[in-house]
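This report walks through one protein chain, residue by residue where that helps. Keep the structure open while reading.

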Amino acid sequence: MAEVNSPVDVIPVHRRREIVGRSPGQLAWLRLKRDRTALASAVTLVVAVCVALAAPAIQWLTGIDPTDKFVDQLNDFGMPLGYAGGISSDHLLGLEPGSGRDILLQLVYGLRTSLFIAFVSAVLASVVGVAVGIVAGYARGWLDSVVSWVIDVTLAFPFLIFALAVIPIVEDRFFTAREAPPPSFRIALIIATFGLFSWTYTARLVRGQVISLREREFVEAARAAGAGTGHLLLRQLLPNIWAPILVTLSLNVPQFIAVEAALAFVNIGVTEPTPDLGRMIYNSIGYVASDPYYTLFPGLTIFVLVLAFNLFGDALRDALDPRSAR
């Protein structure tokens, strides 16, 4: 009797290695690597993060502290001497008018401050939003109704107006008018305001995903096998909704960078002497005509950061969900 070959045996040996099963994560990674926009934005973000982390090394190489003031290199009107705002071999991006601080060191440490605030705020908002959304979506009933009502009420408040009201009130609670709050307190307060107010978007997204998944066969099978609520939430539902959570996290970061910079224009952003990109732009308003480079460098940095994060977030969404419209 002739032996019947299986379909795999018919395939040549040199081609069998090409047939490899890939997980959804691997497929998303392949799609992301093929996207030139994603690669360009990812490289930009990696360079920005590396520069921010290397701020102490840049300070050591230049021998300049971000708080050093080179007033001897300013004229009688407080403007930097030399070409293009005092650009020289010692000060590659020039000096700040009025204060005489090195713009490069202010920019590097300001980049570090902005990225730190944005990343920590985005993680905090995601953690709170995922916890609330997954519990509300799975519990249903009165708990889901209460959480949905809280989300709707919170979304009705304009975020910037809420920050304008909360930050000064909290500071007045802990410090008097004669006491200046330390920069670390203001940074922690900004992060808490961002994180605890912006969780609602993530919570609404996670709640909708959980509602669509809680009656699926794999959840019913785990429930029939005796799995507890914690196992169902953390081991069954959460791994299946990580993609939209990751996209939301990547899109929250540029939003927080822009809003943190906007807070400096109303004097409730990061306080002196901590370097900050938003405050650099605010301080440069009076020198736009006489020293446009002072405004250009921090403004261009924020623009590139926000654009790179948004482009990477869109590319990440397309890679994780190939059915989305491009």
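Asn-252 is placed in helix α13. The model is a predicted one. Is Asn-252 buried or exposed? Its relative accessibility is 6%, so Asn-252 counts as buried. Leaving out residues up to four places away in sequence, Asn-252 touches Ala-122 and Thr-202.

**The chain as a whole**

The secondary structure consists of 15 helices and 0 strands. The chain has 326 residues, and 41% of them count as buried. Take the contacts between residues at least 6 apart in sequence: 71% of these join residues at least 24 apart. The accessible surface comes to about 18100 Å². Carbon and sulfur atoms hold 65% of that surface.

**Nonpolar cores**

The largest nonpolar core has 46 residues. Phe-194, Ile-257 and Leu-305 have the most contacts inside it. Seven helices matter here by name: α4 (36–53), α6 (103–139), α8 (159–174), α9 (183–197), α13, α14 and α15 (292–320) each supply at least two residues of this core. Which helix gives the largest share? Helix α6 does, with 11 residues.

Leu-305 shows how the core is joined up. Beyond residues up to four places away in sequence, Leu-305 touches Leu-45, Ala-48, Leu-111, Leu-115 and Ile-257. Ile-257 is itself one of the residues with the most contacts in the core. Apart from this core lies another, of 13 residues. Its members include Tyr-138, Val-206, Leu-232 and Ile-245.

**Two small residues**

Gly-195 is found in helix α9. Its relative accessible area is 0%, so Gly-195 is buried. Sequence-distant partners of Gly-195 are Ser-121, Leu-124 and Ala-125, with residues up to four places away not counted. Gly-195 and Ala-125 are 70 residues apart along the chain, yet their C-alpha atoms are separated by 4.2 Å.

Ala-131 lies in helix α6. Its relative accessibility is 40%, so Ala-131 counts as partly exposed. Between Ala-131 and Leu-238 the sequence gap is 107 residues. Their C-alpha atoms are 9.8 Å apart in space.

**Salt bridges**

How many salt bridges does the structure hold? There are 6. Three of the pairs are set out below.

| Pair | Closest N to O distance |
|---|---|
| Arg-101 and Glu-96 | 2.9 Å |
| Arg-101 and Glu-272 | 3.1 Å |
| Asp-152 and Arg-204 | 2.4 Å |

Start with Arg-101, which forms a salt bridge with Glu-272. Arg-101 lies in the loop between α5 (55–62) and α6, and Glu-272 in the loop between α13 and α14, so the pair ties together parts that are 171 residues apart in sequence. Arg-101 has 8% relative accessibility, so it counts as buried. Glu-272 is partly exposed, with a relative accessible area of 38%. Arg-101 also meets Glu-96 in a salt bridge. Glu-96 is buried, as is Arg-101. The linkage goes on: Glu-96, Arg-101, Glu-272 and Arg-279 form a network of salt bridges.

Asp-152 forms a salt bridge with Arg-204. Asp-152 lies in helix α7 (residues 141–156) and Arg-204 in helix α10 (residues 199–213), so this pair ties together parts that are 52 residues apart in sequence. Asp-152 is partly exposed, with a relative accessible area of 42%. Arg-204 is partly exposed too, at 43%.

**A buried acid without a salt bridge**

Asp-276 sits in the loop between α13 (242–264) and α14 (277–283). Asp-276 is buried but has no salt bridge. What is the nearest side chain of opposite charge? It is Arg-279, 5.0 Å away from Asp-276. A salt bridge needs the nitrogen within 4 Å of a carboxyl oxygen. Arg-279 does belong to the network with Glu-96, Arg-101 and Glu-272.

The side chain of Asp-276 has another polar partner. One of its polar atoms lies 3.2 Å from the backbone nitrogen of Gly-278. Leaving aside neighbours within four places in sequence, Asp-276 is in contact with Gly-110, Thr-113, Ser-114, Glu-260, Ala-264 and Val-270.

Definitions and conventions:
Residues are numbered from 1 along each chain as its sequence is written. This is a predicted model: local features need pLDDT of at least 70, side-chain atom pairs count only at pLDDT 80 or more; totals for chains, interfaces and linings use all residues. Side-chain values use heavy atoms; hydrogens and water are left out. Helices (H or I, at least four residues) and strands (E, at least two) are DSSP runs, numbered from the N terminus. Buried means under 20% relative accessible area, exposed over 50%, partly exposed in between (1.4 Å probe, protein chains only). Contact means heavy atoms within 4.5 Å. Accessible areas come from the Shrake-Rupley method with a 1.4 Å probe; for residues, only the protein chains shown count as cover. Lys and Arg count as positive and Asp and Glu as negative; His and the chain ends are not counted. A polar contact is a pair of N or O atoms within 3.5 Å; within protein, one must be able to donate a hydrogen and the other to accept it, and residues adjacent in sequence count only if both atoms are side-chain atoms. A nonpolar core is a set of buried Ala, Val, Leu, Ile, Met, Phe, Trp, Tyr and Cys residues joined through side-chain atoms within 4.5 Å.
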